[in-house]
Amino acid sequence: MNFFIRAIWIVLLFLLIPFGVSNSQQGKGRMFGTKERNNFDPASVVTIKAEIVEIIKTASETGPSCGIHLKVKTGNDYINVHLGPTCYVERQEVKIKKNDNIEITGSKVKYNGEYIIIASVIKKNGKLLLLRNEMGIPKWSGSRATRNKK
């Protein structure tokens, strides 16, 4: 009987180890996934008015998807703004292009040694491009938390 119980524990241990490892690695996600969400700081949310200088499509570090970043000018300063996956941003009603004047609300954080804004809302001509909720959870993630919070 003792042998049988030990065998069950060993089998359970081997079944649970991969699950624990995959969950512990979630913080190493790509820019538009878990890693970015961990960088989003609700206490650092700012709203700025800016002109789009450049729209940059970036490749993912871990997969085939790509994302959209903006380089914007506000006054004499330039700042990079991280929006979200290309497939999400381009399906939205609000379309952005170079030289557009927009209002950006998002978390201003340090990323790779420079300040960026992880955008939660882009406002253009009174229309809103919703990217994340107030806690930084992406609208494209499909979670209940995202659907229940605007």
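User: Why is the pairing of K127 with E93 called a salt bridge?

Analyst: The term requires a side-chain nitrogen of Lys or Arg within 4 Å of a carboxyl oxygen of Asp or Glu. In this predicted model, the closest N and O atoms of K127 and E93 are 3.8 Å apart. That distance of 3.8 Å falls within the 4 Å limit, so the pair is a salt bridge.

User: What makes this pair a tie between separate parts of the chain?

Analyst: K127 belongs to strand β6 (residues 127-130), whereas E93 sits in the loop between α3 and β4, so the bridge ties together parts that are 34 residues apart in sequence. Helices (H or I, at least four residues) and strands (E, at least two) are DSSP runs numbered from the N terminus.

User: What conventions underlie these values?

Analyst: This is a predicted model in which local features need pLDDT of at least 70 and side-chain atom pairs count only at pLDDT 80 or more, while totals for chains, interfaces and linings use all residues. Residues are numbered from 1 along each chain as its sequence is written, and side-chain values use heavy atoms, with hydrogens and water left out.

User: Why is E93 classed as it is, and where does K127 fall on the accessibility scale?

Analyst: Buried means under 20% relative accessible area, exposed means over 50%, and partly exposed lies in between (1.4 Å probe, protein chains only). E93, at 67%, is therefore exposed. K127, at 46%, is partly exposed.

User: How many salt bridges does the structure hold, and what qualifies K57 and E90?

Analyst: There are four salt bridges. The side chains of K57 and E90 meet at 2.7 Å, N to O. K57 lies in strand β1 (residues 45-59) and E90 in the loop between α3 (86-89) and β4 (101-111), so this pair joins parts 33 residues apart in sequence. E90 has 41% relative accessibility and therefore counts as partly exposed.

User: Why is D100 buried or exposed, and what is the state of K97?

Analyst: D100 has a relative accessible area of 8% and is therefore buried. K97, at 48%, is partly exposed. The two side chains form a salt bridge at 3.2 Å, N to O. K97, D100 and K124 are linked in a network of salt bridges.

User: How do you know that β5 is paired with other strands?

Analyst: Two strands pair if DSSP finds at least two bridges between them. β4 and β5 are joined in the antiparallel sense by nine bridges, and β5 and β6 run antiparallel with four bridges. Strand β3 (residues 77-85) is parallel to β5 (residues 114-124), with three bridges. Each of these pairings therefore meets the requirement of at least two bridges.

User: Which residues stand opposite each other, and what is found in the hairpins?

Analyst: V109 has I116 of β5 as its bridge partner, H82 stands opposite I118 in β5, and K124 stands opposite K127 in β6. The hairpin of β4 and β5 has two residues between the strands, and N112 there takes a positive phi near 50°. In the hairpin of β5 and β6, also with two residues between the strands, N125 takes a positive phi near 50°.

User: What makes D41 a contact partner of V109, and where is D41 found?

Analyst: D41 is found in the loop between α2 (34-39) and β1. Contact means heavy atoms within 4.5 Å, and D41 touches S107 and V109, not counting residues up to four places away in sequence. The C-alpha atoms of D41 and V109 are 7.3 Å apart, although the residues are 68 apart in sequence. With a relative accessible area of 34%, D41 is partly exposed.

User: How do you know which parts of the model carry the lowest and highest confidence?

Analyst: pLDDT is the predictor's confidence in each residue, from 0 to 100. The mean for the protein is 79, and 65% of its residues reach 70 or more. Among the elements, helix α4 (residues 144-148) has the lowest mean, 46, and β6 the highest, 97. Residues 16-37 have pLDDT below 50, and this stretch has 33 contacts in the model beyond near neighbours in sequence. Residues 145-150 also stay under 50, with 14 contacts beyond four places in sequence.
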